[in-house]
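Here's a quick tour of some side-chain pairings, a surface patch and a loop. Have the structure open while you read.

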Amino acid sequence: MTPGLTLNYGLRWEPKLPESLTQEIVMNFSEERRAAGFQSSVFLNAPNGFTYPGDAEFEGTSGQSKAWAVFSPRFGFAWDVFGDGRTSVRGSAGINHDLPNSQLHLWTSISPPWGGNTVIPEAPFDDPWSAAAGGNPFPLDFSDPNTPFTPHGGYLTIPEKLDSPQNQSWNLAVQRQFGNDWMVSATYMGSHTIHMLTIDAHNRATYFPGRSDANGLCIGDVYTFNRGAPNATCSTRGNTNQRRRLSLIDYEETGRWAAYINTYDASESASYNGLLLNLRKRAASGVTINANYTWSHCISGFNDNLAVGSTFVAYPFEGDRSRSRGNCSSDRRHTANLTGVFATPEFQNNTLRMFASNWQLANIYRYTSGPFTTLEASRDRALTGTSTGSQPANQILDNAYGDRSGAVGSRYYNRAAFANPAPGTFGNAGFRNFEGPGNWQWDVALSRTFQFQEDQRIEIRAEAYNVTNSVRLDGSPGSVTVTSGTFGLVRTQDVRDMRILQFAAKWVF
């Protein structure tokens with residue numbers, strides 16, 4: 001725009017064209033179709049409400065609708081404040097979109113009928129299929145419309161409308177050069193991500209408190225559950241499938257065939273704000289320095305890293321995703337890095353030049369504050385059949401931490417501060433609320449090159465990792481389940497590497 005001002009702007013058109021699955025292993029589920037008694041014409045034994053490639057109601061071989069009006073604008077500027085090339089202000093903002101990769105279908109491919117995925121709570125270890133209705137379903141045969149479906153199958157479905165994940169990012173930086181060699185900068189970075197993938201559960205189990213009445217009935221606020229015997233505990237892990245919503249209202253057509261029916265949901269969000277401070281000294285007089293410090297905070301929902309594909313857990317609180325929000329699993333509130341290279345000069349004295357010239361000492365130091373962890377109750381205390389291994393504990397004392405020295409055998413978290421919540425309830429400890437131990441690393445390298453002839457030299461090098469041989473913890477120590485004997489216990493496997501030394505020599509000719 002002017003000699004001191006540059007603008008950069010653009011618009012990217014990136015329509016969402018969902019992937020097509022050539023083997024057609026994908027499905028939709030609709031509660032409206034289930035209530036209307038819809039039956040698939042592709043798999044005649046499928047539970048009501050499911051559609052598959054080949055059904056008139058199914059979208060191609062992806063199950064998702066296309067979205068053409070997806071635009072990503074961007075804008076940036078750079079301003080030479082005083083026109084001398086020594087002070088700059090830079091800023092940018094933009095919107096970017098992404099598409100889920102093929103790992104999205106890691107779990108859809110094992111849903112019935114293709115994988116026979118079956119949920120059997122409290123299955124006997126020596127013969128798990130003895131507790132399954134219909135017994136062992138293998139080998140499977142899904143070659144014709146009469147393919148059988150396993151009772152209490154576990155399903156992960158694709159919704160017909162799945163918005164593209166969108167990231168809105170912005171930054172503003174001020175940079176200043178001092179002298180010929182020094183530069184300092186301060187940068188604010190922010191982002192807000194919407195339409196992140198999470199998983200919603202359509203078939204949670206209802207918790208019935210207490211015991212059944214004289215008629216064997218458990219009376220809840222909405223549903224009645226026939227326990228089958230008087231004075232029996234109404235809700236147990238073993239009868240989770242019988243207490244699921246569709247078992248209570250539509251057992252014959254859907255409930256007896258389906259345990260969880262989970263669906264990808266693009267309704268999660270995350271935010272990040274960070275301040276980055278940087279100091280640099282360019283190579284001069286044998287010294288190079290680069291130091292930076294980041295102070296940041298990241299907040300997201302329950303499934304903040306679903307892209308890895310291995311996470312197949314619905315958020316725990318029905319109809320309330322906000323209760324599952326917490327610090328991001330990648331959140332590190334403080335990060336500092338320092339690198340420096342110090343080189344000895346070329347001495348004029350022959351003896352000094354032979355022994356003291358051209359040595360280089362390189363240092364790398366890094367510190368990060370600890371990750372945030374969910375301290376968990378024992379498995380499925382809420383007895384909902386959802387997020388069974390990732391439910392928060394109850395915090396009963398204010399001080400959540402114990403011995404934070406990191407010594408092997410110590411307990412990092414205060415075991416007395418946590419307990420299991422009452423059956424049928426979720427704990428109050430929240431998700432990713434407790435900071436684990438920080439981590440640091442100091443590595444050093446000493447090297448020199450000896451030049452013998454114009455085309456021959458010998459390089460020697462010595463390196464030390466964890467120079468001080470200090471004990472450093474690697475993530476949250478011990479178990480995070482409050483009833484575990486190793487809860488918060490620092491063990492040898494929680495400690496990072498000891499000091500490592502290595503030496504090398506190289507002849508170049």
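Let's start with a cut-off: a residue counts as buried when its relative accessible area is under 20%, as exposed when that value is over 50%, and as partly exposed in between. Keep in mind that this is a predicted model.

## Salt bridges from helix H1

Side chains of opposite charge can pair when their charged atoms come close. How many salt bridges does a search of the whole structure find? The count comes to 16.

One of them links Arg 33 to Glu 160, with 2.8 Å between the closest N and O atoms. Arg 33 belongs to helix H1 (residues 31–35), while Glu 160 sits in the loop between strand S6 (153–157) and strand S7 (166–178), so this pair ties together parts that are 127 residues apart in sequence. Is Arg 33 buried or exposed? Its relative accessibility is 19%, and the cut-off for buried is under 20%, so Arg 33 counts as buried. Glu 160, on the other hand, has a relative accessible area of 35%, which makes it partly exposed.

Next along the chain, Arg 34 has a salt bridge to Asp 250, and here the closest N and O atoms are 2.9 Å apart. Arg 34 is in helix H1 and Asp 250 is in the loop between helix H3 (245–249) and helix H4 (251–255), so the parts being tied together are 216 residues apart in sequence. Both ends of this bridge fall under the buried cut-off: Arg 34 comes in at 10% relative accessibility, and Asp 250 has a relative accessible area of 13%.

## A bridge within a loop, and a network

Asp 163 and Lys 161 also meet through their side chains, in a salt bridge with an N to O distance of 2.6 Å. Asp 163 is partly exposed at 30% relative accessibility, whereas Lys 161 is exposed, with a relative accessible area of 59%.

Some salt bridges share partners: Glu 31, Arg 34, Arg 245 and Asp 250 are joined into one network that way.

## A nonpolar patch

Which residues form a nonpolar patch on the surface? They are Leu 11, Trp 13, Leu 17, Trp 68 and Phe 71, and together they have about 600 Å² of accessible area. Trp 13 is part of strand S1 (residues 5–13), and with a relative accessibility of 52% it counts as exposed.

## Two asparagines in one loop

Now for the loop between strand S21 (456–465) and strand S22 (500–508), where you'll find Asn 469. Asn 469 counts as partly exposed, at 37% relative accessibility. Setting aside neighbours within four places in sequence, Asn 469 is in contact with Met 498 and Arg 499. A polar atom of the Asn 469 side chain lies 2.8 Å from the backbone nitrogen of Arg 499. The C-alpha atoms of Asn 469 and Asp 497 are 8.5 Å apart, with their positions 28 residues apart along the chain.

Asn 466 is in the loop between S21 and S22 too, but at 1% relative accessibility it counts as buried. Not counting residues up to four places away in sequence, Asn 466 touches Trp 440, Gln 441, Trp 442, Asp 443, Arg 472, Asp 497, Met 498 and Arg 499. A polar atom of the Asn 466 side chain also lies 3.2 Å from the backbone oxygen of Ser 470.

Terms used:
Residues numbered from 1 in each chain as written. Predicted model: local features only at pLDDT ≥ 70, side-chain atom pairs only at ≥ 80, totals over all residues. Heavy atoms only, no water. Salt bridge = Lys/Arg side-chain N within 4 Å of Asp/Glu carboxyl O. Helix = DSSP H or I, 4+ residues; strand = E, 2+ residues; numbered from the N terminus. Buried < 20%, exposed > 50% of the residue type's maximum accessible area, 1.4 Å probe, protein only. Patch = residues over 30% accessible without salt bridge, like charges linked within 9 Å, V, L, I, M, F, W, Y side chains within 5 Å. Areas by Shrake-Rupley, 256 points an atom, 1.4 Å probe, with all protein chains shown as cover. Contact = heavy atoms within 4.5 Å. Polar contact = N/O pair within 3.5 Å; in protein donor to acceptor, adjacent residues only side chain to side chain.
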